[in-house]
Amino acid sequence: MSDVHTITGGFPGFGQDAPLDLGDLSPAGVAGITARLSDRTVGAFSEAAARVGFCSHPIRLKGSSTTIDAATGEVLAEFSSADAPLGVLYRACGNRRESVCPACSRVYARDTFEMIRAGLLGGKTVPAEVADNPLVFATLTAPSFGHVHGARSKNGGAGRCRPHGRGTCPHGVPRSCTAQHSEHDPAVGGPLCDACYDWKSAVVWQWHAPELWRRFTIAMRRQVAEALGVRESALRDVASVQFAKVAEYQVRGLVHFHALIRLDGPDGPGSAAPLPGAVLGEAVREAARAVSVTAPPVDGADVPRVLRFGQQLDVRCVRSGVPENDEGSDDLRPEQVAGYLAKYSTKGTGTDPSAPRPHHRRLIRTCRWLAERADTACRGLAGPDPEDDAGCVCGQCADSPYRLLAKWAHMLGFRGHFSSKSRRYSIPLGRLRRARMRFQRLKADADRDGTPMDTADLENRLLSEDEETTLVVGSWTYQGTGWTNPGDKALADAAAARAREYAQWKARTREGEAPITPAA
């Protein structure tokens, strides 16, 4: 396998002869790579993989498309999958989760970083004056549904899990744990006693977490209006509250919400804010403590629940908005916070599909069990025909559709967006993606015409909302998802890992740190 590195040509900065780290290849992977070398399709595979950014699970399509000038009707270009490398058009899967596709998740993280950074410092159509506005960083947690094991550190060293619990629970399980868990211990995040842990309430809280966040944003604006001494309906005349939020799974399987919250004046992003960051932070705290959602029962044997955020609430002022008396946090920089949120946005549940943690399996089972209970209750009250819900009097179907819980069991019951923002916080992710597609078309046009790309005012042209001047008409058929043999996937994953290492090496070099020595 000494020639495997030549398939992707190496990466700049690591040398042309730096091999890819393929790890422990399976026999099928070795056979797949050997077949590529034997049938001389290495070059075609390399080109196809590079076009999708070394995606782990690309989508395979067959068909053709025609690019037409929208004004004149002139045919500018034609493309057929038969002309593509390997005779099939590969498209990146676009999955945001690093555990599913490291390559596509990096693109998602970069877009999220740029979106968040623009709302912090300006750029990408956002005025630079937003860099002077008050800004707070808030973390809203899930409440406790029972004591869980943790990998806790103390003064930089290992700490005991839970040494101060007294006695045993009603099920005879000790309330303490003196073990020192590593972060990879399957017990971490799991309850000390499965029977004491409130699994049903944990899943119901997760199911309603998006609604809890929505009500928090309403309560936050109400608190800001109260601090300004105006009615909530008149807030838009004096101030505007904008935010960017990501959801992150804790190891116990429940989500945290991390949010950057900015206060603008009435004239939009960058206009002078009427309150300092300290007052905005207090408004965020009061809103998080006050907001609640009353969740209806799953069925007649269940009870309503009043859901709130957890007691662990962290609200820190990143920027006060008062330059001469800035009380912003010394240990938080705007770019650092943007990096945090971009990283969180690509995290999944932390559940390894091949070997999930025991408490994650229990949450998945609870989701399916509650969905079955809700469905059984509805069918039981709907009459003899299970397809006829006209007579259902359970009251659950329209307001709290727990019957859909099973569809979200793989997400441990969370059905919300992992990355979202208010309308005027920053540039939308979709606009950044369209800009990337425009750049690819401009580059293709330049390559086709043999002329250098016009880079004058390039960013404004890419981000412009003007109507497209070309129309692409195509007919495509889905052929499947993923590389056609395990060797292709191993090579794509190794190339994506090397690209990530190279990006980290470049970043450290740019910041003046000692560069990381790449893996052999």
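Tutor: Before we start: helices here are DSSP runs of H or I with at least four residues, strands are DSSP runs of E with at least two, and both are numbered from the N terminus. The model is predicted.

Student: Fine. So where does L86 lie?

Tutor: L86 sits in the loop that runs between β2 (75-80) and β3 (89-91). Its phi is positive, about 70 degrees, although L86 is not a glycine.

Student: What sign does phi have in most residues other than glycine?

Tutor: Most of them have a negative phi.

Student: And how accessible is L86?

Tutor: L86 has 28% relative accessibility, so it counts as partly exposed.

Student: What about F54, where does that one lie?

Tutor: F54 is in the loop between α2 (42-51) and β1 (59-69). F54 also has a positive phi, about 60 degrees, and is not a glycine.

Student: Is F54 buried or exposed?

Tutor: Buried, because its relative accessibility is 13% and the cut-off for buried is under 20%.

Student: Let's zoom out. How many helices and strands does the protein chain have?

Tutor: The chain has 10 helices and 13 strands. It has 520 residues, and 42% of them are buried.

Student: What share of the contacts join residues at least 24 apart?

Tutor: Counting contacts between residues at least 6 apart in sequence, 71% do.

Student: Back to the buried part. How many residues are in the largest nonpolar core?

Tutor: That core has 59 residues. W205, F216, F257 and I261 have the most contacts inside it.

Student: Which elements each supply at least two residues of this core?

Tutor: The helices that do are α4, α5 and α7 (358-382), and the strands are β4 (135-140), β7 (240-249), β8 (255-264) and β9 (293-295). The largest share comes from α4, with 14 residues.

Student: You named F257. What does F257 touch?

Tutor: Leaving out residues up to four places away in sequence, F257 touches A138, T139, L140, A209, W213, K245, V246, A247, F309 and F414.

Student: Which residues does the second core include?

Tutor: Y425, I427, L429 and L432 are included in that separate core, which has 23 residues.

Student: Now α4. At what angle do α4 and α5 cross?

Tutor: The axes of α4 (residues 199-228) and α5 (residues 277-290) cross at roughly 135 degrees and come within 8 Å. That makes α4 oblique to α5. The crossing is right-handed.

Student: Which residues meet there?

Tutor: From α4 there are F216, A219, M220, Q223, V224 and A227, and they meet V279, L280, A283, V284, E286, A287 and A288 in α5. By type, this contact has 11 nonpolar residues, 1 polar and 1 charged.

Student: And E226, where is that found?

Tutor: E226 is in helix α4. E226 is exposed, with a relative accessible area of 58%. Its C-alpha atom is 8.9 Å from that of A283, which is 57 residues away along the chain.

Student: Last pair. How does α3 pass α6?

Tutor: In a right-handed crossing. The axes of α3 (residues 102-121) and α6 (residues 334-345) come within 8 Å and cross at roughly 145 degrees.

Student: Which residues meet in that contact?

Tutor: On the α3 side they are Y108, A109, T112, F113, I116, R117, L120 and L121, and on the α6 side P334, E335, A338, G339, L341, A342 and S345. The residues of this contact divide into 10 nonpolar, 3 polar and 2 charged.

Conventions
Residues numbered from 1 in each chain as written. Predicted model: local features only at pLDDT ≥ 70, side-chain atom pairs only at ≥ 80, totals over all residues. Heavy atoms only, no water. Axes fitted to C-alpha atoms, helices over the stretch in contact; angles between N-to-C directions. Parallel < 35°, antiparallel > 145°, perpendicular 65-115°, else oblique. Left-handed = near helix turned anticlockwise from the far one by under 90°. Contact = heavy atoms within 4.5 Å. Nonpolar A, V, L, I, M, F, W, Y, C, P; charged D, E, K, R; others polar. Core = buried A, V, L, I, M, F, W, Y, C linked by side-chain atoms within 4.5 Å. Buried < 20%, exposed > 50% of the residue type's maximum accessible area, 1.4 Å probe, protein only.
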